Amino acid sequence: MLNLERLRTLDALARHGSVGGAADGLHVTTSAVSQQMSKLEREVGQQLLAKNGRGVRLTDAGRLLADHAARILSQVELAQSDLEAQRGQVVGELRLSAFPTAARGLFPAALAALRAGHPGLRVRSRELEPEDGVAGVLRGDIDLAVVLDWYNRPLPLTEGLVKASLLDDPADVAMPAGHRLADRAEVDLEDFADDEWIAWEEGEFCHEWLLFTLRGKGIEPVIAHRAEEHHTQLALVAAGLGVCVAPRLGRGPVPAGVRTVPVRHRVTRHVYAVWRADADRRPSIRAVADALRTAGAAYG
């Protein structure tokens, strides 16, 4: 009889590609991963791992069993979803992620409402960028991820995921209070063709969106400063070092010396939740999505 937890360990090894990655994904030690794999090898009577430099690789038998493990675990997830749906109760544990401004803007209200309304549900949350959140859902490390795309640049999703809209998040342009356009009621992105920009880190989805959008308007932006956090970007704007796109979700109070002006042709981030299709019937998934949607109603 194959042990389910050992199959889960093998599946994590196949997905992460290393003992350390599997340990991180399973929230256990590397020693625990090695012990589980040794026991699984004894159970099946075959070598599942082989040395590969300083790491390990799956043998042919290991890859074969890992393929079966992925299907078995998916069926277990589906069975758990069906049982939870049949029972109709919002209970158990749910692992949740969101990109930083969504975590700041949605989690406090949504998680407090879930704790009050569903005391049998335990939510564990963390911050993850959209691509990492989607990858976590696909690996099974995350049950539900809050992700985003932009009105003109969708985030690609693979098959096997369910997507539910939470809110549309308008973005303004933030500029120093003494900027020549600070008194405008509305602006266009083209108005800032000669300004220096404060943007996200290179390679991030939002950074690539900004370049894509400005270049589509015939502007080759000068990126003077990069910062992951919107609060840091706004602090740089307050110091007179450039302008930035400032979404409203999770923005909080704007620093003194900064003026935010709406964009005439609305610039919007679409914020939504994604989860695995085999977990679609879980009442806890629906309850969390509803709580996040209610928390998001404050923006727009």
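Student: Which residues are linked with Arg15 in a network of salt bridges?
Tutor: Asp11 and Asp141 are linked with Arg15 in that network. Keep in mind that this is a predicted model.

Student: Sure. And how many salt bridges turn up in the whole structure?
Tutor: A search of the whole structure gives 23 salt bridges. One of them joins Arg124 to Glu93, with the closest N and O atoms 2.9 Å apart.

Student: What does the Arg124 and Glu93 pair tie together?
Tutor: Arg124 is in strand β4 and Glu93 is in strand β3, so their salt bridge ties together parts 31 residues apart in sequence.

Student: Why does Arg124 count as partly exposed?
Tutor: Because its relative accessibility is 47%, and partly exposed covers the range between 20% and 50%. Glu93 counts as partly exposed too, at 31% relative accessibility.

Student: Let's stay with those strands. In which sense do β3 and β4 pair?
Tutor: They pair in the parallel sense, over 7 bridges. β3 covers residues 92-98 and β4 covers residues 121-127. As a register point, Ala98 has Glu127 in β4 as its bridge partner.

Student: How does the chain cross from β3 to β4?
Tutor: The chain goes through helix α5, residues 100-117. This β-α-β crossover is right-handed.

Student: What about β5, how many bridges join it to β3?
Tutor: There are 3 bridges between β3 and β5, the latter being residues 144-150, and these two strands run parallel. Leu96 stands opposite Leu144 of β5.

Student: Changing topic: which residues have the most contacts inside the largest nonpolar core?
Tutor: Leu144, Val146, Trp150, Trp197, Leu210 and Leu292 have the most contacts there, in a core of 65 residues. Domain 2 and domain 3 each supply at least three residues to this core.

Student: Take Leu210, then. What does it touch?
Tutor: Leaving out residues up to four places away in sequence, Leu210 touches Trp197, Ala199, Trp200, Ile223 and Val245. Trp197 is, like Leu210, among the residues with the most contacts inside the core.

Student: Which residues are in the other core?
Tutor: That core lies apart from the one with 65 residues and has 17 residues, including Leu40, Leu49, Ala61 and Ala66.

Student: Where are the domain bounds?
Tutor: Domain 1 is 4-85, domain 2 is 90-167 + 270-297, and domain 3 is 170-267. The C-alpha centres of domain 1 and domain 3 are 45 Å apart.

Student: Back to salt bridges. What does Asp172 pair with?
Tutor: Asp172 pairs with Arg251, and the closest N and O atoms are 3.1 Å apart. Asp172 lies in strand β6 and Arg251 in the loop between β9 and β10, so this salt bridge ties together parts 79 residues apart in sequence.

Student: Is that Asp172 buried or exposed?
Tutor: Asp172 is buried, with a relative accessible area of 3%. Arg251 also counts as buried, at 11% relative accessibility.

Student: One more pair: what forms a salt bridge with Glu190?
Tutor: Lys217 does, with the closest N and O atoms 3.9 Å apart. Glu190 sits in the loop between β6 and β7, and Lys217 in the loop between α7 and β8, so you have distant parts of the chain linked, 27 residues apart.

Student: And what are the relative accessible areas there?
Tutor: Glu190 has 38% and is partly exposed. Lys217 has 36% and is partly exposed as well.

Notes:
Residues are numbered from 1 along each chain as its sequence is written. This is a predicted model: local features need pLDDT of at least 70, side-chain atom pairs count only at pLDDT 80 or more; totals for chains, interfaces and linings use all residues. Side-chain values use heavy atoms; hydrogens and water are left out. Two strands pair if DSSP finds at least two bridges between them. Helices (H or I, at least four residues) and strands (E, at least two) are DSSP runs, numbered from the N terminus. A crossover is right-handed if, with the strands pointing away from the viewer, the path from the first strand over the helix to the second runs clockwise. A nonpolar core is a set of buried Ala, Val, Leu, Ile, Met, Phe, Trp, Tyr and Cys residues joined through side-chain atoms within 4.5 Å. Buried means under 20% relative accessible area, exposed over 50%, partly exposed in between (1.4 Å probe, protein chains only). Domain bounds come from an automatic or database domain assignment. Contact means heavy atoms within 4.5 Å. A salt bridge is a side-chain nitrogen of Lys or Arg within 4 Å of a carboxyl oxygen of Asp or Glu.
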